[in-house]
Amino acid sequence: MTEARLFQPGRIGSIDIANRVVMAPLTRSRADEAAGDLPGSDIHVEYYRQRSGAGLIISEGTQVSPQGKGYMATPGIYSDAQVEGWKRVTAAVHQAGSKILAQIWHVGRITHPALTGGLPPLAPSAIAPRGVVAYTHQGKVDIPVPQAMNQQQISAVVNEFRRAAANALRAGFDGVEIHGANGYLIDQFLRDGANQRDDAYGGSVAGRCKLALEIVDAVVAEIGASRVGIRLSPLTPFNDLADSDPQRTFEHLVAELDRRGIAFVHFIEGATGGARDLPGFDYAKARKSFRGAYIANNGYDRAMALDAVESGRVDAVAFGRPFIANPDLVQRLRLNAALSAPDPSTFYTPGPVGYVDYPTLDAQAQTA
Ligand code: PHB
């Protein structure tokens with residue numbers, strides 16, 4: 001019997017992958033904040049090593065600057081010490097036979113000065129997200145109205161993404177995923193619910209896509225298109241974001257990404273962590289108009305993933321929450337074994353509990 005295509009090797013850009021199961025980016029808030037948002041602690045390394053059965057791991061979002069941070073204890077990728085920490089993670093993943101990309105991230109308006117060392121949130125326009133709070137060491141706080149970015153601030157952020165990509169390669173990553181999804185900075189520029197600018201970075205669809213494409217161009221110039229992808233979520237309402245015409249906005253963006261020859265697009269289909277069947281964007285059409293790889297995410301189970309890859313509708317499927325509770329997820333999918341359920345109460349808590357203590361099938365069998 002030949003193995004299902006989901007479990008067969010593939011290639012994303014210039015990256016050879018052992019199977020088409022991708023570990024999705026997951027914020028876990030275990031960085032060493034006091035030492036400067038450092039990755040690379042023993043449990044951080046162990047967490048990724050345990051999940052190296054994935055054909056490709058996409059790291060948790062890693063901020064490109066202090067001002068781009070929106071949650072407690074998320075790791076950065078702008079300092080030399082952070083690069084040194086990430087080297088420990090990438091070495092462990094490579095030694096275990098997998099590949100790993102850095103997800104490079106700027107949260108834009110989804111933050112609070114208590115998380116950024118006192119810096120104000122940045123955004124395309126001075127519009128606060130409604131119904132979104134920031135989680136700080138002082139508890140839940142309202143998010144202030146962000147600063148509308150000027151040209152100098154926009155150029156600085158583009159350079160931060162460029163530096164993050166260079167740092168990612170120095171740290172041993174196989175490439176980067178630009179975080180263009182979920183209502184963070186790039187997505188705030190893309191969708192007109194947050195972008196009400198009347199300059200070159202707003203207004204028309206092309207204007208709203210300008211920041212995303214400048215960042216892609218800077219990152220591609222730094223590390224080459226074959227190691228670059230982007231995550232998009234045209235329909236998600238997460239972080240109070242919406243667009244008046246997602247089909248038009250994201251069709252334009254995907255066409256421009258295709259012209260640049262980047263390695264992949266990674267779509268969150270529907271609402272992040274929620275309903276898949278929202279109307280307003282044709283993912284299959286996007287897939288046909290993009291020559292690189294298409295990574296699909298959001299609520300896939302085994303049967304859906306097998307079918308999506310077998311039919312050629314997608315090249316790979318990214319799993320998020322299932323990877324939290326099942327370090328050996330690929331093995332379990334292969335065997336059609338039961339999956340453990342993740343415990344949301346430890347998603348963002350410090351330390352090893354709920355992080356590196358989920359058992360593999362083998363470990364479960366030994367204790368049964
Ligand atoms: C989160 O930390 O809750 C989070 C971070 C990045 C995302 C989505 C959620 O894209």
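**Exercises: a protein and its ligand**

The protein has eleven helices and 14 strands (DSSP runs, H or I of at least four residues for helices and E of at least two for strands). This is a predicted model, where local features need pLDDT of at least 70, side-chain atom pairs count only at pLDDT 80 or more, and totals for chains, interfaces and linings use all residues. Residues are numbered from 1 along each chain as its sequence is written, and side-chain values use heavy atoms, with hydrogens and water left out.

**Exercise 1.** Find which residues are around the ligand, then sort them by class.

*Solution.* Start with the list: Thr27, Tyr71, Trp105, His179, Asn182, Tyr184, Phe238 and Tyr348, each with a heavy atom within 4 Å of the ligand. Next, sort them: five are nonpolar, three polar and none charged. Here Ala, Val, Leu, Ile, Met, Phe, Trp, Tyr, Cys and Pro count as nonpolar, Asp, Glu, Lys and Arg as charged, and the others, Gly among them, as polar.

**Exercise 2.** Work out how far ligand oxygen atoms are from polar side-chain atoms of Thr27, His179 and Asn182.

*Solution.* Take Thr27 to begin with: a side-chain N or O atom is 3.2 Å from a ligand oxygen. For His179, the distance is 2.7 Å. For Asn182, it's 2.6 Å. A polar contact is a pair of N or O atoms within 3.5 Å.

**Exercise 3.** How much of the ligand does the protein bury?

*Solution.* Taken alone, the ligand exposes 280 Å² (Shrake-Rupley method, 1.4 Å probe), and the protein buries 82% of that.

Key: Polar contact = N/O pair within 3.5 Å; in protein donor to acceptor, adjacent residues only side chain to side chain.
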